[in-house]
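Work through the exercises below with the model open. Try each task before reading its solution.

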Amino acid sequence: MRVHAYAAPAAAEPLAPTIIERRDVGPNDVLIEVEYAGICHSDIHTVNGDWGPQPYPLVPGHEIVGIVTEVGAAVTRHQVGDRVGVGCMVNACGECANCRNGDEQYCLDGMVPTYGGVDRDGTVTQGGYSTHVVVDAGFVLSVPEGIDPAAAAPLLCAGITTYSPLRRWGAGPGKKVAVVGLGGLGHMAVKIAHAMGAEVTVLSQSLKKQEDGLRLGADHYHATGDPDTFERLAGRFDLIVNTVSARIDLDAYLGLLAVDGTLVNVGAPAEPLSLNVFSLIGARRSYAGSMIGGIAETQEMLNFCAEHRIGADVELISADQINEAYRRVLASDVRYRFVIDTATLG
Ligand code: NAP
Ligand code: ZN
C-alpha cells in the first residue's frame with residue numbers, strides 16, 4: 001500500500017513530503033493507522049548522519065501511536081480498533097539468549113530498528129512520520145486507556161529509555177537521582193523517577209527551565225553552567241542519568257556520585273567521550289550505558305505511566321513544521337517533546 005510520509009532525501013537535508021510503499025499485511029503483522037509520531041533527538045542525529053551513513057530517502061520516527069486497522073491471520077495479541085504503540089525496534093531474532101531474556105534491543109543477531117534498518121523480509125524499514133505502518137505483532141505495544149494518545153507517543157522511546165535504567169539501578173524511596181539535560185528524555189526521567197519515589201535533581205545548563213523542572217516532579221534544580229554546582233553537590237547522588245545529546249565533561253559529573261554510585265549514559269552524541277579512571281576508582285563508581293528497553297519492559301513502562309497518570313509534555317505540530325522543530329530541538333528549545341499530528345501528512 002502507498003502511504004503519505006515525510007522523508008529526509010539525503011544527509012542533513014530538510015525533510016519533505018513523499019509517498020512510500022508499505023508491505024502487505026503478513027500472517028504475523030499488524031497494520032496501524034498512525035495518529036501521532038514523536039520527534040526524538042535520535043531522529044535528528046540519524047538524519048544528519050551523526051551515527052554513520054543511512055539509506056536515504058529515510059522516513060524517521062520511532063515514537064508511534066495509532067489504531068490497528070488490520071491484523072494478519074496468526075495475530076492474537078492485537079485486534080482491529082485497538083490503540084497501540086511502536087517504539088525503536090520492529091523485529092529481532094527471538095531466539096538468542098538476549099531475546100529470550102526479554103532484551104530484544106540487544107539481540108545478538110541485531111534488532112531491526114524502526115527506520116533505516118533491514119527487516120527480516122529484506123525491505124528497508126521506514127518510520128513513523130507516515131500515515132500507516134506495518135509491524136510484526138510481537139513488537140506492537142498496547143497503549144492503556146487513561147493516557148492521552150499524543151502524550152503517549154514519546155513514551156515509546158523517551159519513556160522506556162529512561163524507565164529502564166531507573167528501574168535497573170533501583171530508583172526509589174531513599175535514592176538520590178540526578179537527571180542531566182531537561183529535554184525529551186530528561187523530562188520523562190524526572191516524571192518517572194519522581195513516580196518511583198526517588199529524590200530527583202535536575203542538572204540543566206541554566207536555571208531557565210527551573211519552574212518547569214519542579215512542576216514535573218524534581219525536588220532540586222541546579223545550573224551546570226555555574227561551576228559552584230559541582231562543588232556543592234560533590235559525592236551526593238546514587239544514580240545520575242545523562243540524557244545530553246552532546247559531549248559533557250564526564251569527570252565533573254562522576255564527581256557528583258556517592259560511593260557505589262552509577263552514571264548511566266543514555267545520551268548518544270556523535271563524538272566519543274573520555275574520562276579519567278580516577279573519577280571511578282576514587283569512590284568505587286560505575287559508568288554505564290543503556291539502550292531503550294525490551295518489549296515486555298516497554299509494556300510494563302506504559303502500564304506504570306497509565307497507573308501514575310504520566311504522559312509527555314508535548315507540543316503538537318503539523319507536518320510542515322517538522323524542519324523548524326528539528327532546529328528548535330538542536331537549540332534546546334523544546335518543552336518537552338514535539339509530536340507530529342500525522343493527519344497533516346497528506
Ligand atoms: P533533547 O530533547 O534535545 O534533550 C537533550 C537535552 O540535553 C537538551 O534539552 C539540553 O538540556 C541538553 N543539552 C543539549 N545540548 C547540550 C550541550 N551542548 N551541553 C549540555 N547540555 C546540552 O534530546 P532527547 O530526544 O531527549 O535525546 C537526548 C539524547 O539521547 C540524544 O543523544 C538521543 O540520540 C539519545 N537517545 C538515546 C536513546 C538510548 O536508547 N540510549 C534513546 C533515545 C534517545 P538543558 O537545556 O536542560 O541543558
Ligand atoms: Zn528516540
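Domain bounds here come from an automatic or database domain assignment. The model itself is predicted.

**Exercise 1. Place ligand 1 relative to the domains.**

Step 1. Take the two domains: domain 1 covers 2-157 + 313-344, and domain 2 covers 159-289.
Step 2. Both give residues to the shell around ligand 1, so ligand 1 lies between them.
Step 3. Check the shell: 29 residues surround ligand 1, and the closest are His 41, Leu 182, Ser 204, Lys 209 and Arg 337.
Step 4. Sort the shell by type: 13 nonpolar, 14 polar and 2 charged.

**Exercise 2. Find polar partners of ligand 1, then its buried share.**

Step 1. Start with backbone atoms. A polar backbone atom of Leu 182 is 2.7 Å from an oxygen atom of ligand 1. For Ser 290, a backbone N or O atom lies 2.9 Å from a nitrogen atom of the ligand.
Step 2. Turn to a side chain. An N or O atom of the Arg 337 side chain is 2.6 Å from an oxygen atom of ligand 1.
Step 3. Add the area. Ligand 1 taken alone exposes 920 Å², and the protein buries 88% of that.
Step 4. Assign elements. α1 (41-47) and α5 (184-195) each give two or more residues to the shell. α1 gives the most, with 3 residues.

**Exercise 3. Which protein atoms are donors of the zinc ion (ligand 2)?**

Step 1. List them: Cys 40 (SG), His 62 (NE2) and Cys 157 (SG), at 2.0 to 2.2 Å.
Step 2. Write the spacing: C-x21-H-x94-C.
Step 3. Locate one pair, 22 residues apart. Cys 40 sits in the loop between β3 (29-38) and α1, and His 62 in the loop between α1 and β4 (64-71).
Step 4. Check exposure: Cys 40 and His 62 are both buried.

Notes: Residues are numbered from 1 along each chain as its sequence is written. Chains are lettered from A and ligands numbered from 1 in the order in which they are written. This is a predicted model: local features need pLDDT of at least 70, side-chain atom pairs count only at pLDDT 80 or more; totals for chains, interfaces and linings use all residues. Side-chain values use heavy atoms; hydrogens and water are left out. A residue is near a molecule or strand if one of its heavy atoms lies within 4 Å of it. A polar contact is a pair of N or O atoms within 3.5 Å; within protein, one must be able to donate a hydrogen and the other to accept it, and residues adjacent in sequence count only if both atoms are side-chain atoms. Accessible areas come from the Shrake-Rupley method with a 1.4 Å probe; for residues, only the protein chains shown count as cover. Helices (H or I, at least four residues) and strands (E, at least two) are DSSP runs, numbered from the N terminus. Ala, Val, Leu, Ile, Met, Phe, Trp, Tyr, Cys and Pro count as nonpolar, Asp, Glu, Lys and Arg as charged, and the others, Gly among them, as polar. Donors are N, O and S atoms within 2.8 Å of the metal (3.2 Å for Na, K and Ca); water is not among the atoms, so sites may look incomplete. Buried means under 20% relative accessible area, exposed over 50%, partly exposed in between (1.4 Å probe, protein chains only).
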